[in-house]
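Student: I would like a close look at one part of this model. Please take me through its packing.

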Amino acid sequence: MKFIIEKKDLTRLLRVLGSDPAKKAHDSVLRLAAQDGQIILNAYETEAGCEALVLEEGVCFFRIDQFLPLIRTYASAKNLTMEVTPEGIQIGNTKIGRGLWEISLFQDPRTAPIAAPNQEEARLNQLAAKEIAENPPLFTSGADPQKCHSATSQAAFPIAEDELQLVANVIRHTRRFCVLPTVTPPQLAGLARALFALERLPRISEGVDVTVLLGIPTGSPDDFTSQWATYQISDGAFSIGRRSISSSPASDNSTILYKVDNSGYRSMGADNLVAWTSIFDWNKHVCALLDQNPHEALMLSVYDKSKPDCMKPCDGE
């Protein structure tokens with residue numbers, strides 16, 4: 001990203017952000033966005049912006065502590081040129097390495113996170129925790145540990161050791177779903193329950209029941225086709241698959257590529273190369289959806305029918 005801004009305007013914006021000393025103690029990361037002929041700064045729970053000559057759009061995050069003091073060193077300058085690259089920041093004749101100010105750069109403002117990467121994860125975790133808290137768990141510290149659903153269950157799905165890589169891939173994808181810009185607090189709560197159960201596999205987590213779909217529609221609202229990657233995790237089964245929906249002709253087809261359930265059923269054998277190829281293609285499909293499309297265009301659906309107490313652990317776990 002690259003832009004030219006009047007020094008007095010940039011100085012004014014930074015002073016607005018730092019006007020509340022109480023907030024400055026809690027946050028020292030600046031979000032700077034250059035888009036549509038404007039510069040917008042966010043820090044200390046405050047936003048300020050102004051017009052600027054934007055040469056290359058983008059969003060970056062960096063530590064704000066030394067930013068204003070550096071700007072002040074250009075006392076005689078009327079305008080400042082600022083450029084942010086994967087290597088660091090250049091302001092006027094001054095270059096700051098990426099590691100020094102902990103710089104993060106996102107070249108597409110449409111898909112850039114609201115907060116710095118580590119802060120974004122914390123923010124979404126808080127939203128998920130708030131959503132789950134609205135359905136307080138039935139289990140209390142004084143209850144009988146033998147009645148705790150998920151933590152005391154020793155039952156397990158028949159997942160082979162070499163299939164744990166599939167589980168790891170689903171966990172990784174789910175974590176990426178959590179930071180999509182369109183994700184909602186109820187969806188985050190469902191994803192949190194899914195992660196809880198996925199990370200305990202092959203053990204069965206009683207009370208969890210979450211189905212997740214990710215896709216991107218093509219066509220118009222009246223004539224469309226959508227291809228979804230799906231997975232489901234519950235105390236009855238764990239599966240991944242595909243779903244295809246078309247409006248003309250109307251159709252809705254689902255295919256299960258891998259499934260294990262609590263009765264010991266397995267949909268594939270360890271040496272089934274055809275099935276393994278399908279699983280490999282499913283994983284590539286999810287990666288392509290996340291890596292090759294604007295995140296705002298993706299459609300995420302989370303169907304959560306979990307019991308309120310499904311994530312309450314007992315002593316010993």
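Which residues touch the most other members of the largest nonpolar core? Please build outward from there.

Tutor: A caution to begin with: this is a predicted model. The residues you ask for are F177, Y231, F238 and I240. They belong to a core of 42 residues, the largest nonpolar one. Several elements supply two or more residues each. The helices among them are α6 (164–177), α7 (185–200) and α8 (273–291). The strands are β11 (209–220), β12 (223–234), β13 (237–247), β14 (250–261) and β15 (299–304). The top contributor is α7, which gives 7 residues.

Now zoom in on F238. Leaving aside residues up to four places away in sequence, F238 touches F157, I159, V167, V170, L198, L201, Q232, I233, Y258, K259 and V260.

V170 also leads to a helix pair. The axes of α6 and α8 come within 11 Å of each other and cross at roughly 15°. Angles under 35 degrees count as roughly parallel, so that is how α6 and α8 are described. Their crossing is left-handed. On the α6 side, the contact uses L166, N169, V170, R172, H173, R176 and F177. On the α8 side, it uses I279, W282, N283, V286, C287, L290 and D291. F177 thus appears twice: in this helix contact, and among the residues that touch the most other core members.

Apart from the largest core lies another, of 33 residues. F3, Y44, C60 and L68 are among its members.

Next, an open sheet. Its 5 strands follow the order β5-β1-β7-β8-β9, paired antiparallel. At the edges stand β5 (53–56) and β9 (94–97). Each has a single partner strand, so one side of each is left without a neighbour in the sheet. On average, neighbouring strands are turned by 15° against each other, direction ignored.

Inside the sheet, take β7 (residues 79–85) and β8 (residues 88–91). They run antiparallel and are joined by 4 bridges. One named pair: E83 has Q90 in β8 as its bridge partner.

Helix α1 (residues 7–17) packs on this sheet, touching β1 (2–6) and β7. The direction of α1 makes about 90° with that of β1. Which α1 residues are buried? They are K7, D9, L10, T11, L13, L14 and L17. These buried residues pack against β1 and β7, and also against β2 (29–35), β3 (38–43), β4 (46–51) and α3 (67–72).

Note on methods: Residues are numbered from 1 along each chain as its sequence is written. This is a predicted model: local features need pLDDT of at least 70, side-chain atom pairs count only at pLDDT 80 or more; totals for chains, interfaces and linings use all residues. Side-chain values use heavy atoms; hydrogens and water are left out. A nonpolar core is a set of buried Ala, Val, Leu, Ile, Met, Phe, Trp, Tyr and Cys residues joined through side-chain atoms within 4.5 Å. Buried means under 20% relative accessible area, exposed over 50%, partly exposed in between (1.4 Å probe, protein chains only). Contact means heavy atoms within 4.5 Å. Two strands pair if DSSP finds at least two bridges between them. Axes are lines fitted to C-alpha atoms, for helices over the stretch in contact, and angles run from 0 to 180 degrees between N-to-C directions. Angles under 35 degrees count as roughly parallel, over 145 as roughly antiparallel, 65 to 115 as roughly perpendicular and the rest as oblique. A crossing is left-handed if the near helix is turned anticlockwise from the far one by less than a right angle, and right-handed if clockwise.
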